[in-house]
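I opened this entry to work through the core, the salt bridges and the surface charge, in that order of interest. My notes follow the display.

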Amino acid sequence: MTTIIDGKQVAATVIEAVKAAAGKLEQDAGVKTGLAVVIVGDDPASHAYVSSKSRMAKECGFTSIQHTLPEETTQEALAALVRKLNADDTIHGILVQLPLPKHLQSEPIIQSILPEKDVDGLHVVNAGKVATGDLEGGLISCTPAGAMVLVRGIRGDDLSGLNAVVIGRSNLFGKPMAALLLNANATVTSAHSRTRDLAAVCRNADILVAAVGRPQMVRADWVKPGATVIDVGINRVPAPEKGEGKSHLVGDVAFDECAEVAGAITPVPGGVGPMTIAMLMANTVIAAYRRAGLEPPRF
């Protein structure tokens, strides 16, 4: 029987641990964990994401501050807000919701966040620590961190002797995911659009992670029987059976057919997605513990 990995259930377990850690920090050290979320413009999807993050932060017992800036906000005004949040000792995590409006440059803003407050794990210092195997000193990018929790739940902490293939080499996900798998002793192949005979490469994987943004690209004959398949793709495709103009979400993996071959597989939605917000909360409480000079919890 194939295990359908329930990301919602695992995320709920992480959130319960975050709540307990935040409560303990407040009780023992008098420190209330603080998260500041910055959003610029009117993008509906971004506002939905930010609302769910702010709501979850409050549920975890954090001080949750949201800065909603108008579309016409200048680069300097945004940079000034980040400087202010960097200097605020009650804020342990800063999140600038991407994408920013087209007239703003996101990279200088992200790199201006103090690495110890960069709970998205996108600062070059945090990315560099993950790349060099220093998983205790930095903050790990939330989606790969969440995907790794799901992998460990199926395969355990030590992946020695297992072949892992990550399809996708983005700085946001593919590269840090490969680094995390490597750190857990897997033998890792980073595959991408230029990989020759991608299907054959994937068939060798005990752990197959798809993050390419191409709907249902991974087919059943790409999957090694019994493999653990982690689908990071979120693609909206037409669903005429639901009515004219309707759509539904699918991943980068053809779920129904691959589920018949895989040993364990994540669905879309309900797999990796819920883990991203859970790990954002985990990163924030880790940052708060470090700021207080205390040993942070592990998630």
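I fixed the cut-offs before anything else: a residue is buried under 20% relative accessible area, exposed over 50%, and partly exposed in between. I looked up Glu59 with this in hand; its relative accessibility is 46%, so I put Glu59 down as partly exposed. I also noted that the model is a predicted one.

Salt bridges. I found that Glu59 pairs with Lys19 in a salt bridge, with the closest N and O atoms 3.3 Å apart. I then checked where the two sit: Lys19 belongs to helix α1 and Glu59 to helix α2, and the pair links distant parts of the chain, 40 residues apart. Lys19 has a relative accessibility of 25% and therefore also counts as partly exposed.

I took the count of salt bridges next, and it is nine. One of them joins Glu76 and Arg83, where the closest N and O atoms are 2.6 Å apart. I looked up the accessibility of both partners: Glu76 is partly exposed at 47%, and Arg83 is partly exposed at 48%.

Another joins Arg291 to Asp89 through their side chains, at 2.7 Å from N to O. Arg291 is in helix α10 and Asp89 in the loop between α3 and β4 (93–96), so this salt bridge ties together parts 202 residues apart in sequence. I also traced shared partners and found Glu16, Lys19 and Glu59 joined into one network of salt bridges.

Nonpolar core. Which residues touch the most other members of the largest nonpolar core? I listed Phe62, Leu159, Met177, Leu181, Val209, Ile230 and Met281, out of 57 residues in that core. I then went through the elements that each supply at least two residues of the core; among them are the helices α1 (7–29), α2 (44–59), α6 (142–155) and α7 (174–183), and the strands β2 (34–40), β5 (163–167) and β7 (207–210). Helix α10 gives the largest share of this core, 12 residues. I add the usual remark that nonpolar side chains in soluble globular proteins tend to be buried together.

Surface charge. I found a patch of negative charge on the surface, where Asp42, Asp43, Glu71 and Glu72 gather. I followed up Glu72, which lies in the loop between β3 (63–69) and α3 (75–86). Is Glu72 buried or exposed? Its relative accessibility is 59%, so I entered Glu72 as exposed.

Terms used
Residues are numbered from 1 along each chain as its sequence is written. This is a predicted model: local features need pLDDT of at least 70, side-chain atom pairs count only at pLDDT 80 or more; totals for chains, interfaces and linings use all residues. Side-chain values use heavy atoms; hydrogens and water are left out. Patches are made of residues with over 30% relative accessible area and no salt bridge: like charges are joined within 9 Å, nonpolar side chains (Val, Leu, Ile, Met, Phe, Trp, Tyr) within 5 Å. Accessible areas come from the Shrake-Rupley method with a 1.4 Å probe; for residues, only the protein chains shown count as cover. A salt bridge is a side-chain nitrogen of Lys or Arg within 4 Å of a carboxyl oxygen of Asp or Glu. Lys and Arg count as positive and Asp and Glu as negative; His and the chain ends are not counted. The place of a charge is taken as NZ of Lys, CZ of Arg, CG of Asp or CD of Glu. Helices (H or I, at least four residues) and strands (E, at least two) are DSSP runs, numbered from the N terminus. Buried means under 20% relative accessible area, exposed over 50%, partly exposed in between (1.4 Å probe, protein chains only). A nonpolar core is a set of buried Ala, Val, Leu, Ile, Met, Phe, Trp, Tyr and Cys residues joined through side-chain atoms within 4.5 Å.
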